[in-house]
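The exercises below ask you to work through an interface and then the nonpolar interior of a structure. Read each task, try it on the coordinates, and then compare your reasoning with the solution.

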2 protein chains.
Amino acid sequence: MKGKNKLDTESYKGVRDFYPENMFVQNYIFGVWREVVESFGYLEYGASVLEPAELYVAKSGEEIVNEQTYTFKDRGDRDVTLRPEMTPTVARMVAGKSNELSFPLRWYSIPNLFRYEKPQRGRLREHWQLNVDIFGVENGEADAEIISIAYQIMNKFGAKDEDFVIKINNRKLLEELFTHLKLDPEQTKKVSKIIDKKDKISPAIFEASLFELIGDKKTELIDLLSSNEKLLDTLNKNAGENGSQNAKETVELIEKLSSIGVTNTVLSPTLMRGFDYYNGIVFEVFDTHSDNNRSLFGGGRYNNLTELFSDKDIPAFGFGMGDVTAKDFLEVRNLLPRYRPQTQLYICNLGPEFLNHVRSMADSLRKAGLNVAIDLSNKKLGDQIKTADRQYIPYVICVGENEVKSNTYSVKDMQSGEEKRVKLEEIAGVIKR
Amino acid sequence: MKGKNKLDTESYKGVRDFYPENMFVQNYIFGVWREVVESFGYLEYGASVLEPAELYVAKSGEEIVNEQTYTFKDRGDRDVTLRPEMTPTVARMVAGKSNELSFPLRWYSIPNLFRYEKPQRGRLREHWQLNVDIFGVENGEADAEIISIAYQIMNKFGAKDEDFVIKINNRKLLEELFTHLKLDPEQTKKVSKIIDKKDKISPAIFEASLFELIGDKKTELIDLLSSNEKLLDTLNKNAGENGSQNAKETVELIEKLSSIGVTNTVLSPTLMRGFDYYNGIVFEVFDTHSDNNRSLFGGGRYNNLTELFSDKDIPAFGFGMGDVTAKDFLEVRNLLPRYRPQTQLYICNLGPEFLNHVRSMADSLRKAGLNVAIDLSNKKLGDQIKTADRQYIPYVICVGENEVKSNTYSVKDMQSGEEKRVKLEEIAGVIKR
């Protein structure tokens, strides 16, 4: 809506304005995230949305750097990027203080991230993303902990086990498979990209693309990718007496998760996850709802990202979960809580002469821990109450001569319509109960 | 520190990395802000850091738009700005839904803001700023509420009344003064800019600059600006029988603040505040410390900013308080709390065979509300305990065969060195106490 010679009130394309009702949802999602990750001993860190552009050239997927970042020159001719993901930033920070920090590190952050793309459902130009990472643990215990955190978050949001499935893969299984098929490095890279896109293309195109690259080997590849049993058998046989160490670790991870109550998992050898830096276990939480059947979020092991900055190699495992997909998931399942403002009480007045009294009441109720707004509008009482109602404030008190004289107030519950007459010092108790 | 062929680990110039200890300080400051403003019934809103560039052309101070913003073209050839302040955004949002929103609105936000300038003490390229605004109240009650919130925040941070002074002015007093001196619009504008800079230039330069603009009138101007009594007398006389309404309102505001306990105020006719959009009461919280003698933050009344977007005129009063200046203030006075992580307990193990037990212990302690990290490093026990110590985690439990058999654990208080032997179900109680 734009009047003559007036500025537009729309936000920039593909980003969101958060009115208090939207902020409530955002804060609810962030609150669940914080509660779960902090219960596992993760500490919050943060950084600026501005990063040197070179940070993204080396290790992210190419598509992101070349086509999808917001990159510009600052007034000092530096190339700056609005971060499209947090992992390079956290690797930079960990590498920068690796001598002072005490490992293992458990860190989390809720950064906003930017990608220049066509806005669509679940994909905006700016979104917020919980990032959870553990640094300095090479063994599968870290993988199990991180994946169980992902599970606990879903659980805390009210999702049932049948609402989602956790797909698990190990990139090293694919490496073994490609070796088994004797693919060269170029073929390996291209075949990986095709497998990554498998769910987005038809089986016929999948097969044709593979044939074009590796000829008849595609038959065995597709066969092995379609049966976990055959795949693991083949890799175990190839590896000799003790079987494939990677196959063993992957199966053990799924068993360990099961032993701690995370049973909605499935080994998915075609799961790649976009970023190039993953080099071990990867996982993805997948929505099973028929209207929203898609990947919700995921992560994996990236053991050499800190090498970009120093010779020190720090093992890492982590994931990112976006607010937009989280909100879509919760909405589809009706799991979002109903809006209520932080404000608990609205005090109206029968005239400006009572404002001094109202102000001092509010002051003492705030000291008792209540969030109290007072009406300053000089409007009629009915209109004052309507303001409270339209802002969903749950309790209202009206103050006039009787109230001031008797120091007794009617606390009105706006939802039930019930009123309770109490003394000033009882108000906080009534409302908190 | 940068190795050969390695990327730099420094952040982009003039912005900050927040390691957990820094994030703790940031979260402390944000926490105080939220607590105070929510107790006054203010609701949180938010928006993207990206805004259409045109939003800043119309009403901000010119210096900001032309020299200090981060403005660039996106891939769709739109001019985009990283917001340098939040007020245009909130005006846009309020104007955009003015028919649906119920006034008065009490809103707050803690956005990050960007300015391209030379980084120096108290001035960085990115900072976070609490923004508190009330919309829809024209009378001085709103001004008093907002200024008392600023006071309560300082109070909550532990500042004493003598640590700061709240300077108050009314831009309309200056308008009356300029009319009294018969300055033309051009002179008015330029004289305002000089008065705004008064504290940053010497008295001699101040006087010379005024003389250049308005000749001998500068003598009366300086005389009236140096005595509140003379100034108010002159304006009251000029206004006729009832005196100056603006003078009256300004004095009443200071009296009202005093009546609600905010007494460290002073009428400061030379206080301008940078932005062009202020058009009534302005205020500034000023640090009285000899090492940090400067403006901390401020705000004022801006009654026609929504006119940029619609014909609807919505009165507004608000202020912004930055995290960098807040932190400097708290550091100088030693008011920052000591770092403690959110993690309360670290569980070590005497070998990986105890990890299953530790994991299930941690699980039940998390359900009891504790934040628990477990060691997954396979390091020696001494090194595990050292990790907890270096991360400032206050309690440690070590688990081996004895503990598993007896279900009894030694909870070690890392600060006092004291140990308490308790059953599993007593651990949460001991640590929370």
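**Exercise 1.** Describe how many residues of chain B and chain A are in contact, and what area is buried between them.

*Solution.* In this predicted model, begin with the residue count: 98 residues of chain B are in contact with 98 residues of chain A. Next take the area, which comes to about 8200 Å² buried between the two chains, with carbon and sulfur atoms giving 54% of it. Finally, look at single residues on the chain B side, where Leu7(B), Tyr19(B) and Arg75(B) supply 9% of the area that chain B buries against chain A, more than any other three residues.

**Exercise 2.** Characterise the polar side of the interface of chain B and chain A, starting from its salt bridges.

*Solution.* First apply the salt-bridge rule, a side-chain nitrogen of Lys or Arg within 4 Å of a carboxyl oxygen of Asp or Glu, which finds six across the interface. The side chains of Glu141(A) and Arg359(B), at 2.4 Å from N to O, meet in a salt bridge. Then count polar contacts, of which there are 47 residue pairs between chain B and chain A. Helix α1 (residues 20-39) of chain B gives the most to the side touching chain A, with five residues, and that side divides into 45 nonpolar, 24 polar and 29 charged residues.

**Exercise 3.** Identify the residues with the most contacts inside the largest nonpolar core.

*Solution.* The largest nonpolar core has 122 residues, and those with the most contacts inside it are Phe319(A), Ile347(B) and Ile427(B). Leaving aside neighbours within four places in sequence, the contacts of Ile427(B) include Leu345(B), Met361(B), Ile397(B) and Val422(B). Apart from this core lies another, of 121 residues, among them Ala95(A), Ala428(A), Leu7(B) and Ile134(B).

Notes: Residues numbered from 1 in each chain as written. Chains lettered and ligands numbered in written order. Predicted model: local features only at pLDDT ≥ 70, side-chain atom pairs only at ≥ 80, totals over all residues. Heavy atoms only, no water. Contact = heavy atoms within 4.5 Å. Buried area = accessible area lost by both parts, 1.4 Å probe. Polar contact = N/O pair within 3.5 Å; in protein donor to acceptor, adjacent residues only side chain to side chain. Helix = DSSP H or I, 4+ residues; strand = E, 2+ residues; numbered from the N terminus. Nonpolar A, V, L, I, M, F, W, Y, C, P; charged D, E, K, R; others polar. Core = buried A, V, L, I, M, F, W, Y, C linked by side-chain atoms within 4.5 Å. Buried < 20%, exposed > 50% of the residue type's maximum accessible area, 1.4 Å probe, protein only.
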